[in-house]
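Please walk through this model with the viewer open, making each selection as it comes up and looking at what surrounds it before moving on.

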Amino acid sequence: MAALIRPGSALTFKREKWIWVPAIANPTAPTLAELNAASGLDFSCFVMTDTTAPSQSQNRVRLARRLCEGSTAETGGITEYTGGSLRYSTNPQLPAANDANKAYTTLAPGAEGFLVQRLVVPVDVDLAVGQTVSVHQAELGTQWTGKSTDDEAGEAIVMQDWFHGLVYVDRAVIVI
């Protein structure tokens with residue numbers, strides 16, 4: 001019998017980084033230079049916790065039963081990737097060039113690029129060669145400025161859907 005394995009927890013509280021990258025030549029091996037490009041943005045500290053994450057689902061295809069069979073089998077079908085709804089901070093009373101509006105101006109409606117997510121490493125630790133990231137091809141939707149809540153904790157936010165492209169790489173390793 002195989003030995004029981006109890007892996008440690010890979011905690012994600014304050015250990016999730018989101019980066020917008022306009023271009024990645026090879027999404028299976030993003031370079032540190034691409035992820036740190038001046039045209040991109042680490043917007044982790046803008047993102048609200050109620051942002052919805054991307055998801056994927058795969059169809060379960062039931063194979064046709066043949067006359068001589070008393071049971072059926074299944075196989076995997078089409079995989080569908082779904083983007084999410086970004087909710088991030090902004091200050092509509094400050095000029096667009098102000099750092100408080102950097103996510104609003106960088107994540108322009110209709111922009112196409114990549115949303116890159118890194119988990120488990122503290123958010124304030126810079127990206128490094130050898131770290132693992134998820135790469136999501138994305139098209140950004142329209143922006144809507146509103147408020148996060150109606151109570152005293154409410155702040156100005158932008159709500160923006162993003163749409164998943166065909167490229168999704170789970171556990172891509174950052175290269176030089």
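Which side chain makes a polar contact with the side chain of Asn 101, and over what distance in Å? Select Asn 101 and Thr 90 together, keeping in mind that this is a predicted model: their side chains are joined by a polar contact of 2.6 Å.

**The loop between β5 and α2**

Stay with Asn 101, which is found in the loop between β5 and α2, the latter spanning 102–106. Asn 101 has a relative accessible area of 4%, so it counts as buried, the limit being under 20%. If you now display its surroundings and leave aside neighbours within four places in sequence, you will find Asn 101 in contact with Thr 90, Asn 91, Pro 92, Leu 94, Pro 95 and Ala 96.

Move the selection to Thr 90, whose place is also in the loop between β5 and α2. Thr 90 is buried as well, with a relative accessible area of 11%. With neighbours within four places in sequence again set aside, the contacts of Thr 90 include Ala 100, Asn 101 and Tyr 104, and also Thr 145, Ala 156, Ile 157 and Val 158.

**The sheet, from edge to edge**

Next, switch to a cartoon view and select the strands of the open sheet, which has six of them in the order β2-β1-β6-β7-β8-β5, with antiparallel pairing. Which strands stand at its edges? They are β2 (41–42) and β5 (85–89), and because each has a single partner strand, one side of each is left without a neighbour in the sheet. As a general reminder while you look at the pairings, strands of a sheet are held to one another through backbone hydrogen bonds, in either a parallel or an antiparallel arrangement.

Select β5 on its own and colour it by accessibility: the strand is mostly covered, four of its five residues being buried. Then add β8 (residues 156–173), which runs antiparallel to β5 and is joined to it by five bridges. Two of the pairings to pick out are Leu 86, whose bridge partner in β8 is Gln 160, and Arg 87, whose bridge partner in β8 is Met 159.

Keep β8 in view and add strand β7 (residues 132–147); these two strands pair in the antiparallel sense over twelve bridges. To mark one position along this pairing, label Ala 138 together with its bridge partner in β8, His 164.

**A cavity and a pocket**

Leu 86 leads to the next stop, since this residue of the sheet also appears in the lining of the largest cavity, and because lining residues have an atom within 4 Å of a cavity point, a selection of the whole lining will frame the space. Select Trp 18, Val 47, Thr 51, Thr 52, Ala 53, Pro 54, Leu 86 and Trp 162 to show that lining. The structure holds one cavity of 30 Å³ or more, and the volume of the largest cavity is about 30 Å³. By class, its lining has six nonpolar and two polar residues, with no charged residues.

Now turn to the largest pocket, which has a volume of about 360 Å³. Of the 14 residues that line this pocket, those closest to its centre are Glu 16, Ser 44, Val 47, Met 48 and Thr 49, and they make a convenient selection for centring the view. Val 47 was also in the cavity selection. What classes of residue does the lining of the largest pocket have? There are six nonpolar, five polar and three charged residues.

**Two distances to finish**

Select Thr 31, in the loop between β1 (16–21) and α1 (32–35). Apart from neighbours within four places in sequence, Thr 31 is in contact with Ile 174, Val 175 and Ile 176. Its C-alpha atom is separated by 29 Å from that of Met 159, which lies 128 residues apart from Thr 31 along the chain.

Finally, go to Ala 3, in the segment before β1. Ala 3 is exposed, with a relative accessible area of 66%. Draw a line from Ala 3 to Ser 148: the two are 145 residues apart in sequence and 48 Å apart in space, C-alpha to C-alpha.

How values were computed:
Residues are numbered from 1 along each chain as its sequence is written. This is a predicted model: local features need pLDDT of at least 70, side-chain atom pairs count only at pLDDT 80 or more; totals for chains, interfaces and linings use all residues. Side-chain values use heavy atoms; hydrogens and water are left out. On a 1 Å grid over the protein atoms alone, a cavity is a set of points where a 1.4 Å probe fits but cannot get out, and a pocket is an open set with protein on both sides within 12 Å along at least five of seven lines; lining residues have an atom within 4 Å of a point. Grid points are joined across faces, edges and corners, and a volume is the space filled by probe spheres set on the points. Ala, Val, Leu, Ile, Met, Phe, Trp, Tyr, Cys and Pro count as nonpolar, Asp, Glu, Lys and Arg as charged, and the others, Gly among them, as polar. Two strands pair if DSSP finds at least two bridges between them. Buried means under 20% relative accessible area, exposed over 50%, partly exposed in between (1.4 Å probe, protein chains only). A polar contact is a pair of N or O atoms within 3.5 Å; within protein, one must be able to donate a hydrogen and the other to accept it, and residues adjacent in sequence count only if both atoms are side-chain atoms. Contact means heavy atoms within 4.5 Å.
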